Amino acid sequence: MATTRATRRTERPGGLRRTLGFRDLVVYGLLFIAPMAPVGVFGTLDARSHGAVALVYLVATVAMAFTAFSYAQMVRVAPRAGSVFTYARKGLGEGPGFIAGWMAVLDYVLIPAVAYLFAGIAMEALVPSVNRWVWTAAAVVVTTLLNLRGVRTAARVGFAVLVMEIAVLLVFVVAATVVLVRDGARRDWLSPLTGDAGFSMAAVLGAVSVAVLSYLGFDAVASFAEEVTGGSARVARAVLCCLATAGVLFVAQTYLVALLEPVSSARLAAEPGRQGSAFYDAVNASVGGWLHDLVAVSKAIGAAFAALAGQAAAGRLLFAMARDRRLPRPLARTDAGVPRVALLLAAGVTLVAAVWAARRDDGMDHLVSVVDVGALSAFVLLHASVVGWFAVRRGPGAPPHWLKHVVLPVVGAAVLVAVIVSAAASALVVGAVWLGVGLVVLLAQRVRGGRRAPGRPVG
């Protein structure tokens with residue numbers, strides 16, 4: 001009898017298990033974000049912002065804070081797997097919900113590929129005899145096996161990795177501070193906030209469109225709403241905690257490394273080949289090769305486990321969309337509380353994208369462009385969902401709190417639209433094409449009668 005009940009629980013759609021606590025959620029969020037995420041993009045942001053890289057992260061944190069607040073509102077309304085797909089269905093309806101999930105797929109499925117590629121690049125720097133695509137593929141295999149064992153196992157391993165990353169970051173902060181006190185700064189002390197070659201708000205906003213990539217992951221915490229103990233309020237707190245922690249870490253480390261940077265932002269802009277290794281080069285020149293190697297190892301391991309958290313979130317998004325009959329039904333199957341079919345599909349797509357990018361010199365740029373536009377577009381629909389649910393769909397018997405449910409989401413959406421407009425033209429083209437494909441898929445579903453059988457109601 002017990003076996004029968006276990007089998008039913010394993011096979012029925014929606015059979016996720018509540019095994020995660022608040023610490024586990026924060027671990028997943030910070031793993032996905034990665035405490036030293038700015039390492040890989042510091043040079044690019046420094047060049048684009050004219051040296052005001054710490055200000056870029058400060059602005060990006062504020063921009064993402066509006067989004068985090070909207071997540072915290074909607075996770076209480078619809079505490080289910082699927083994240084922005086679930087929230088947009090609740091606040092805007094079936095069609096916008098599908099489009100929100102469709103755009104989020106670009107983020108959730110492909111951002112692990114970016115993280116795996118970061119890991120491959122870092123390992124290749126340490127072991128040049130092995131090509132980066134080999135390291136990249138190996139990282140995909142290892143983390144996929146951990147995810148298939150379930151969120152609890154992955155969270156335990158991830159916690160150890162997170163502790164290691166934070167320890168390395170603290171070593172960097174202490175070493176950088178000692179050097180700055182002893183030898184002084186290479187640039188003006190305020191230049192990380194004002195720029196080293198004149199201030200330009202347009203340049204800062206353009207850099208923010210790239211910097212938001214470092215934050216993508218705090219939202220993934222909401223994907224585990226059906227696997228957390230203690231209710232949706234715990235998920236909301238974890239989302240806000242992850243963003244606040246990441247913002248402090250990002251601003252602090254980019255401020256310090258900008259002061260250590262011996263190369264001007266103008267020279268980095270003129271010599272793009274220097275940008276990828278700018279963080280490592282500044283550390284190596286100012287502190288020493290030992291810290292360079294320590295940061296590289298930490299970045300390699302941390303990026304791989306950031307991808308682990310991202311892959312887990314991607315599996316939950318595909319699972320939720322399939323459970324509600326917006327993707328093929330086999331993706332909604334679970335085994336011992338783990339959506340293994342969805343995870344394997346996410347891993348397969350990630351593996352192909354990551355290895356393809358690892359074998360190309362411009363692979364990183366292509367992946368980042370796709371991920372950014374997908375994520376930001378989904379976030380805009382998230383803000384619209386808050387307004388749609390609290391001000392329109394919930395009904396006249398429960399008036400909205402105008403600041404929390406209207407003003408802040410509208411401001412948050414406006415900030416994101418400004419960032420999207422500042423993105424590269426190629427990124428906008430990719431986003432528009434993906435949106436067009438999604439609209440065609442939605443139309444095909446409605447023609448087949450998908451709208452009449454969308455699955456069980458949300459929330």
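**Group meeting talk: a walk through an all-residue model**

Let me start with a single residue, His50, which has a relative accessibility of 32% and therefore counts as partly exposed. Before I go on, please keep in mind that what you see is a predicted model. His50 sits in the loop between α3, residues 38-48, and α4, and its backbone carries a positive phi of about 60°, although the residue is not a glycine.

Now to the chain as a whole. What does the count of helices and strands come to? There are 18 helices and zero strands in the chain. The chain has 459 residues, and 58% of them count as buried. If we take the contacts between residues at least 6 apart in sequence, 83% of these join residues that are at least 24 apart.

I would like to turn next to the aromatic residues. Searching the whole structure gives nine aromatic pairs. In the pair of Tyr57 and Tyr215, the ring centres are 6.1 Å apart and the planes stand at 45°, which lies between the limits of 30 and 60 degrees, so this pair is classed as tilted. Which parts of the chain does the pair tie together? Because Tyr57 belongs to helix α4, residues 53-77, and Tyr215 to the loop between α10 (201-211) and α11 (232-260), the pair links parts that are 158 residues apart in sequence. Are these two tyrosines buried or exposed? Tyr57 has a relative accessible area of 0% and is buried, and Tyr215, also with a value of 0%, counts as buried. Elsewhere, Phe42, Phe172 and Phe279 form one aromatic cluster.

Some of these names come back when we look at the nonpolar core. The largest nonpolar core has 150 residues, and those with the most contacts inside it are Tyr28, Tyr57, Met64, Tyr71, Phe172, Phe218 and Phe279. Let me take Tyr71 from that list and ask which residues it touches, if we leave out those up to four places away in sequence. Its partners include Ser83, Val84, Tyr87 and Tyr108, and further along the chain Phe218, Asp219, Ala222, Val239, Phe379 and Leu382.

Thr67 is found in helix α4, and with a relative accessibility of 0% this threonine counts as buried. Its contacts, leaving aside neighbours within four places in sequence, are with Phe218, Phe379, Leu382, His383 and Leu416. Phe218, Phe379 and Leu382 are thus named among the contacts of Thr67 and also among those of Tyr71.

Let me move on to empty space inside the model. The search counts one cavity of 30 Å³ or more, and about 170 Å³ of space lies in the largest cavity. Its lining is made up of 15 residues, and Phe32, Ile33, Ala37, Phe118 and Leu213 are the ones nearest its centre. Which helices each supply at least two residues of that lining? They are α2 (22-33), α6 (94-126) and α14 (289-323), and α6 gives the largest share, four residues. By class, the lining has 13 nonpolar residues, one polar residue and one charged residue.

Staying with helix α2 for a moment, Gly29 is found there, and this glycine is buried, with a relative accessible area of 1%. The C-alpha atoms of Gly29 and Ala309 are separated by 7.5 Å, although the two residues are 280 residues apart along the chain.

Thr19 offers another example of residues apart in sequence, this time in the loop between α1 (2-11) and α2. Thr19 counts as partly exposed, at 33% relative accessibility. From C-alpha to C-alpha, Thr19 and Phe224 are 9.9 Å apart in space, while in sequence they are 205 residues apart.

My last residue is Ala391, which lies in helix α16, residues 363-393. How accessible is Ala391? Its relative accessibility is 34%, so it counts as partly exposed. Not counting residues up to four places away in sequence, Ala391 touches Val386, Pro400 and Val406. The C-alpha atoms of Ala391 and His401, which are ten residues apart along the chain, are separated by 8.6 Å.

Key:
Residues numbered from 1 in each chain as written. Predicted model: local features only at pLDDT ≥ 70, side-chain atom pairs only at ≥ 80, totals over all residues. Heavy atoms only, no water. Phe/Tyr/Trp six-rings, centres within 6.5 Å; stacked < 30°, edge-to-face > 60°. Buried < 20%, exposed > 50% of the residue type's maximum accessible area, 1.4 Å probe, protein only. Contact = heavy atoms within 4.5 Å. 1 Å grid on protein atoms, 1.4 Å probe; cavity = no way out; pocket = protein on both sides within 12 Å on 5 of 7 lines; lining within 4 Å. Points joined across faces, edges and corners; volume = space filled by probe spheres on them. Nonpolar A, V, L, I, M, F, W, Y, C, P; charged D, E, K, R; others polar. Core = buried A, V, L, I, M, F, W, Y, C linked by side-chain atoms within 4.5 Å.
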